[in-house]
Amino acid sequence: TALTNLQSIDISNNWLGGKGATALSLGLTALTNLQSIDISNNRLKADGATALASALTTLGKLQSINMSRNEMEDPCLAPLVLALARLTRLGESAGISAAFQQLDLRGNRISYAALAQARDARIKIR
């Protein structure tokens with residue numbers, strides 16, 4: 001379908017919450033050329049972050065995701081880091097030069113310690 005060629009999606013400021021993020025994650029897996037996602041200010045919290053993390057590993061061309069202002073706390077970060085680290089390793093092993101570049105988490109309640117763990121996994125966080 002035409003959507004498989006979609007490279008960028010901005011669904012910011014829609015207050016999706018966990019249920020909306022779960023529904024979105026099911027559709028994201030078909031967007032194989034997606035490079036950028038802006039899902040900021042959607043009240044994702046833990047449920048939404050976990051649901052999206054499961055879909056991210058299928059997006060081999062993803063370069064950036066904006067998840068700022070989503071009321072996320074430290075526990076939300078672990079599934080995202082695992083998914084994005086896996087995505088980065090897959091990109092590197094496939095020789096993709098435009099592998100994942102940036103995760104924007106500004107405006108969430110994530111500690112410096114949790115952010116340091118993400119950086120240790122070579123995830124670039126803003």
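When I speak of helices and strands today, I mean DSSP runs, with helices taken as H or I over at least four residues and strands as E over at least two, numbered from the N terminus. On that basis the protein chain, which we have as a predicted model, holds 4 helices and 4 strands. Followed along the sequence, these elements come in the order β-α-β-α-β-α-β-α.

Let me give two overall values before turning to the details. The protein chain has 126 residues, and 45% of them count as buried. Among the contacts in the chain with a separation of 6 or more, 82% are accounted for by residues 24 or more positions apart.

I will begin with helix α1, which runs over residues 17-28. From the first C-alpha to the last, this helix of 12 residues reaches 16 Å, close to the 16 Å that one expects at 1.5 Å a residue. Which of the residues in α1 are buried? They are Gly17, Gly18, Ala21, Leu24, Ser25 and Leu28. Seen down the helix axis, the buried residues of α1 fall within an arc of 120°, and so they line one face of the helix. Turned away from that buried side is a face of α1 that carries the exposed residues Lys19 and Leu26.

What do the buried residues of α1 pack against? Their partners are β2, at residues 36-38, and α2, at residues 45-56. Looking at the second of these partners, the axes of α1 and α2 come within 8 Å and cross at roughly 5°. Angles under 35 degrees count as roughly parallel, and the two helices α1 and α2 are therefore roughly parallel to each other. On the α1 side, the contact is made by Gly18, Ala21, Thr22, Leu24, Ser25 and Leu28, while α2 contributes Asp47, Gly48, Ala51, Leu52 and Ala55. Sorted by class, this contact of α1 with α2 comprises 6 nonpolar, 4 polar and 1 charged residues.

Staying with α2 for a moment, its end C-alpha atoms are 17 Å apart, which agrees with the 16 Å that its 12 residues should span at 1.5 Å a residue. The buried residues of α2 are Gly48, Ala49, Ala51, Leu52, Ala53, Ala55 and Leu56.

Next, I would like to point out two loop residues with a backbone feature worth looking up in the model. Tryptophan 15, placed in the loop between β1 (residues 8-10) and α1, has a phi near 50°, a positive value in a residue other than glycine. Its relative accessibility is 47%, and tryptophan 15 therefore counts as partly exposed. Arginine 43, placed in the loop between β2 and α2, likewise has a phi near 50°, again a positive value in a residue other than glycine. Arginine 43 is also partly exposed, with a relative accessible area of 40%.

I turn now to some individual residues in the strands and in α3. Serine 8 belongs to strand β1 and is partly exposed, its relative accessible area being 46%. If we leave aside its neighbours within four places in sequence, serine 8 is in contact with Leu34 and Ser36. The C-alpha atoms of serine 8 and asparagine 33 lie 8.7 Å apart in space, although the two are 25 residues apart in sequence.

Is leucine 103, in strand β4 (residues 102-104), buried or exposed? With a relative accessibility of 0%, leucine 103 counts as buried. Leucine 103 and lysine 124 are 21 residues apart in sequence, and their C-alpha atoms are 6.1 Å apart in space.

Aspartate 74 is found in helix α3, which covers residues 74-93, and with a relative accessible area of 32% aspartate 74 is partly exposed. Not counting residues up to four places away in sequence, aspartate 74 touches Arg109, Ile110, Ser111 and Ala114. From aspartate 74 to leucine 115 the separation is 41 residues in sequence and 8.5 Å in space, C-alpha to C-alpha.

Leucine 115 brings us to the last helix on my list, α4, at residues 112-120, whose buried residues are Ala114, Leu115 and Ala118. These buried residues cover an arc of only 100° around the axis, which puts them on the same side of α4. The face of α4 turned away from its buried side carries the exposed residues Tyr112, Ala113, Gln117 and Asp120.

Notes:
Residues are numbered from 1 along each chain as its sequence is written. This is a predicted model: local features need pLDDT of at least 70, side-chain atom pairs count only at pLDDT 80 or more; totals for chains, interfaces and linings use all residues. Side-chain values use heavy atoms; hydrogens and water are left out. The expected span of a helix is 1.5 Å times one less than its number of residues. Buried means under 20% relative accessible area, exposed over 50%, partly exposed in between (1.4 Å probe, protein chains only). The arc is that of the directions from the helix axis to the C-beta atoms. Contact means heavy atoms within 4.5 Å. Axes are lines fitted to C-alpha atoms, for helices over the stretch in contact, and angles run from 0 to 180 degrees between N-to-C directions. Angles under 35 degrees count as roughly parallel, over 145 as roughly antiparallel, 65 to 115 as roughly perpendicular and the rest as oblique. Ala, Val, Leu, Ile, Met, Phe, Trp, Tyr, Cys and Pro count as nonpolar, Asp, Glu, Lys and Arg as charged, and the others, Gly among them, as polar.
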